[in-house]
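Here are a few exercises to work through with the structure in view. Try each task yourself before you read the solution.

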Amino acid sequence: MKYLLLVTSAEDVVVAPEDADPTPWVMEMDRRGLREQGHRLRPVSVSTTVQVRNGELLISDGPFAETKEQIGGFDILDCADLDEAIEVASKHPAARFGTLELRPFWDE
Amino acid sequence: MLATLIGFTRDWDLAEECVQDAFERALQRWPDEGIPRNPGAWLTTTARNRALDRMRRSSVEVVKVREAATMAQPGDPEVDESAIADDRLRLIFTCCHPALALEARVALTLRTVAGLTTEEIARAFLTPSSTMGQRLFRAKRKIRDAGIPYRVPPAELLPERTSGVLGVLYLLFNEGYAASSGDGLLRPDLCAEAIRLGRILAELMPGQDEVRGVLALMLLQDARRAARTDEGGVLVTLEQQDRTLWDQDQIAEGAGFLAQAPHGPYQLQAAIAACHDSAAQAWDTDWPRIASLYTQLATLTPTPFVALNHAVAVAMADGPAVGLPLVDAIDVSGALAGYHLLPATQADLLRRLGRRADAAAAYERAFALAPTEAERLFLRRRIVEMTGAAPPPI
């Protein structure tokens, strides 16, 4: 099953660089064949929100939702089931200072 | 309408059949009963209900049919009994998966493992049947769509997941035991269901002390049920219960599941319940042992509830003057704000210390917070005892 792993955390959280470095995690999950791809994202200060309402294109600066925790990166996982995906997510360094969300792909 | 049903069932065949059923039913009923105000909505609802029914039935039937098969032919070599046990255990662990909301775990366990109907579960939790149906449906959809595995967890996850399952069982039991709101009439017996599930689990997972512990705890607490309220439905404290009403067979059975030296949280709580159950009279209770078991329990589960019970046990073992400061400390911490048994305990200790005015004030605070009629009646009686005043209106 494929899952989108959303890595969220407060952008102002202070974490030692070595504690936030996902490289060992990426290497492990790539080696196990559980991670298809993923990337860190630029902060929400450079994000752009797009909506179409009544045929009108609305573009605005910044994220749609005003929440403290923002998406800082994502990974696409291919796991046997939710338990495996939870295990993978729990090993991500951001699990210790942020929040990880697992969203299954909508496969018919 | 079909699209709605497909969206609902995510199953084309089932959706089509249910829509057809709804039209057939309309043809039977509308000529006699008249056309409903909103025929489209009537048809959709009827088809949805039919689909819900069918989906629920299919999930329980597999287990039930196999169960019946084993009972009918116990010696039949064709029936692999361990496979049936595995199926059951898989079902329990899947229903209690931590990725499901707690209330969904409870409902799903009752529905698929215990085989209660949605209406019965709804009544047990004082929830509209449609809400409960939705809750169950959503839980099943999450199992399927989120990829929750249908299996007994592997060894590294087993202890954690087992304690999750035990948590669901005990919550179920407590829901029945406390009948947490309203009167207990007409509610299915959740205690009996929880005990039944506990027996099944203890059989499926032999040698697991905590599984036996939760079963022991439920049996030992439930054994006192007949004495917990008087004829008028008023709560009777443990101290004042008619102990001849306690179910001695059940106490013996529960005690049989206790470990020699209790260690896990359920074993410890069961050992405490056994201390109460084995006292022929309230004054025979081994309070120093209970206080020491609570001390052990507090190191494993340092919750304010355990702290409160520990304080009560200390008050019984060493006197109310020693226990009261422990209760007051919990009060000051604010950890149990809004919990009626905190002021009720303070009131009780103050009463024993002869501080009637302080006791009455604390009983008043407990009265304002008490969730059930039985408890309010009991507290009202205490207020009258302390003040001699007319009872507050209910």
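**Exercise 1.** Find out how many bridges join strand β3 (residues 48–53) of chain A to β4(A), and whether the two run parallel or antiparallel.

*Solution.* Keep in mind that you're looking at a predicted model. Start with the pairing: β3(A) and β4(A) are antiparallel, with six bridges between them. Next, pick one pair to check: across from A:Thr48 you'll find A:Asp61 in β4(A). Then look at how the chain gets from one strand to the other. The two strands make a hairpin, with two residues between them. In that turn, A:Asn54 has a positive phi of about 50°.

**Exercise 2.** Is strand β4 (residues 56–61) of chain A buried or largely in the open?

*Solution.* Take the cut-off to begin with: a residue counts as buried if 20 or more other C-beta atoms lie within 10 Å of its own. Now go through the six residues of β4(A): the number buried is zero, so the strand lies largely in the open.

**Exercise 3.** Work out the strand order of the open four-stranded sheet in chain A, and find its edge strands.

*Solution.* Reading across the sheet, you get β2-β5-β1-β6 (chain A), paired antiparallel. The edges are β2 (35–40) and β6 (99–104) of chain A, since each of them pairs on one side only. On average, neighbouring strands here are turned by 20° against each other, direction ignored. Now zoom in on one edge: strand β1 (residues 2–10) of chain A is joined to β6(A) by six bridges. One of the partnerships there is A:Thr8 with A:Thr99. Finally, add the helix: α3 (residues 82–90) of chain A packs on this sheet and touches β1, β5 (69–78) and β6 of chain A. The direction of α3(A) makes about 150° with that of β6(A).

**Exercise 4.** Turn to chain B: how many helices and strands does it have, and where is the mean pLDDT of its elements lowest?

*Solution.* Count the elements and you get 19 helices and zero strands in chain B. Of its 394 residues, 35% are buried. For confidence, begin with the whole chain: the mean pLDDT of chain B is 84, and 85% of its residues reach 70 or more. Among its elements, helix α1 (residues 2–9) of chain B is lowest with a mean of 52, while helix α12 (residues 248–255) of chain B is highest with 97. Over residues 61–79 of chain B, the pLDDT is below 50.

**Exercise 5.** How many residues of chain A are in contact with chain B?

*Solution.* Five residues of chain A touch seven of chain B. Sort the chain A side by class: three are nonpolar, none polar and two charged.

Methods:
Residues numbered from 1 in each chain as written. Chains lettered and ligands numbered in written order. Predicted model: local features only at pLDDT ≥ 70, side-chain atom pairs only at ≥ 80, totals over all residues. pLDDT = per-residue confidence, 0-100. Contact = placed C-beta atoms within 7 Å. Nonpolar A, V, L, I, M, F, W, Y, C, P; charged D, E, K, R; others polar. Buried ≥ 20, exposed ≤ 12 C-beta atoms within 10 Å, placed from the backbone. Pairing = 2+ DSSP bridges. Axes fitted to C-alpha atoms, helices over the stretch in contact; angles between N-to-C directions.
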